[in-house]
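Visitor: Hey, got a few minutes to walk me through this one? I'd like to see how it packs inside.

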Amino acid sequence: MTRVIAITSEKGGVGKSTLAVHLTGALHGRGLNTLLVDEDDRVGSGLRWAQRALAAGTPLPFGVVGADDVKPKMLAGLDALVLDTEGRPRRKELRQLGGRADLILVPSGVSPLELDATRELLEFLTPELDAKGGRAQLRVVLTRVPPVGRAGEEARDALVRDGAAVCRTLVRQYAAYQRAAEAGTLVRDVRDERAATAWADVQALAEELV
Ligand SMILES: Nc1ncnc2c1ncn2[C@@H]1O[C@H](COP(=O)(O)OP(=O)(O)OP(=O)(O)O)[C@@H](O)[C@H]1O
Ligand SMILES: [Mg+2]
């Protein structure tokens, strides 16, 4: 059975595509047959990322396809399908995700405003998913977490107190991710002293999710 992991948020620029590319890479690294489906065709998207990788002669080790180009044969034997949703999904589309995904991952920054936006999304989605009989699980993953200080832990504790399911792994903020996006590679392949640390976060997240 293919596990479908959708990455979505109402707020733009939270790190969805960065997380989608890297989570797919880390799941692939764990030996899973993985595919990234990109529902967003703008500049920062996974498809463009894969195109840069190809242009640099270092293709990503997993498939990346646009939502309209998914073929049944691509899904055969797939262990995990990661869905990077469009930038600012409508509520109708968010609701439909519940029927398409096994896990809805909501990346969130740790600032009070970002946490409020995340809470609002959870307040909308939780009853929607419950009403559907709950195929999809809903989990927050904190991203762009300042590597210094305890803002990530504090945000996680606050969300958990509010009843949210939150990944233990904090995906920390490192410039290496930007460099990875520019080069169309995974952060582990960037020449940067924090590359291995950043990649370790993604690997921990993948381990937590499968
Ligand atoms: N963990 C991280 N550390 C540092 N920078 C990050 C991290 N995650 C994402 N970024 C940067 O944040 C910016 C937005 O990331 P990304 O494009 O992944 O967000 P998005 O949610 O997919 O945006 P959109 O809503 O436009 O689709 C990019 O410049 C990316 O390099
Ligand atoms: Mg994106």
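Visitor: Where is Thr-185 found?

Guide: Thr-185 sits in the loop between α7 and α8. Keep in mind that this is a predicted model.

Visitor: And is Thr-185 buried or exposed?

Guide: Buried: its relative accessible area is 15%, and the cut-off for buried is under 20%.

Visitor: Which residues is Thr-185 in contact with?

Guide: Leaving aside neighbours within four places in sequence, Thr-185 contacts His-22, Trp-49, Thr-58, Leu-60, Ala-180 and Val-190.

Visitor: Trp-49 caught my eye. What does Trp-49 in α2 meet in α7, together with its α2 partners?

Guide: On the α2 side you have Trp-49, Arg-52 and Ala-53, and they meet Tyr-177, Ala-180, Ala-181, Glu-182 and Ala-183 of α7. By class, that contact has 6 nonpolar residues, 2 charged ones and no polar ones.

Visitor: At what angle do α2 and α7 pack?

Guide: About 70 degrees, with the axes 7 Å apart. So α2 is roughly perpendicular to α7, as angles from 65 to 115 degrees count that way.

Visitor: Switching topic: the core. Which residues touch the most other members of the largest nonpolar core?

Guide: Leu-23, Leu-60, Leu-105 and Leu-205 do, in a core of 35 residues. Leu-60 is also one of the residues in contact with Thr-185.

Visitor: Which elements give two or more residues to that core?

Guide: There's β1 (3-7), α1 (16-29), α2 (46-55), β4 (80-84), β5 (103-108), α7 (175-183) and α8 (195-209).

Visitor: What does Leu-205 touch, then?

Guide: Not counting residues up to four places away in sequence, Leu-205 touches Leu-19, Leu-23, Val-141, Cys-167, Thr-169 and Val-171.

Visitor: How many residues are in the other core?

Guide: That one has 30 residues and lies apart from the largest core; Leu-81, Leu-97, Val-110 and Val-166 are among them.

Visitor: OK, last bit. How do helix α4 and helix α5 pack, angle-wise?

Guide: Helix α4 (residues 91-100) and helix α5 (residues 112-131) pack at about 50 degrees, and their axes are 10 Å apart. The two are therefore oblique to each other, and α4 passes α5 in a right-handed crossing.

Visitor: Which residues meet there, in α4 and α5?

Guide: From α4 it's Arg-91, Leu-94, Arg-95 and Gly-98, and from α5 it's Glu-120, Leu-121, Phe-124, Leu-125, Glu-128 and Leu-129. That contact divides into 5 nonpolar, 1 polar and 4 charged residues.

Definitions and conventions
Residues numbered from 1 in each chain as written. Chains lettered and ligands numbered in written order. Predicted model: local features only at pLDDT ≥ 70, side-chain atom pairs only at ≥ 80, totals over all residues. Heavy atoms only, no water. Axes fitted to C-alpha atoms, helices over the stretch in contact; angles between N-to-C directions. Helix = DSSP H or I, 4+ residues; strand = E, 2+ residues; numbered from the N terminus. Parallel < 35°, antiparallel > 145°, perpendicular 65-115°, else oblique. Left-handed = near helix turned anticlockwise from the far one by under 90°. Contact = heavy atoms within 4.5 Å. Nonpolar A, V, L, I, M, F, W, Y, C, P; charged D, E, K, R; others polar. Core = buried A, V, L, I, M, F, W, Y, C linked by side-chain atoms within 4.5 Å. Buried < 20%, exposed > 50% of the residue type's maximum accessible area, 1.4 Å probe, protein only.
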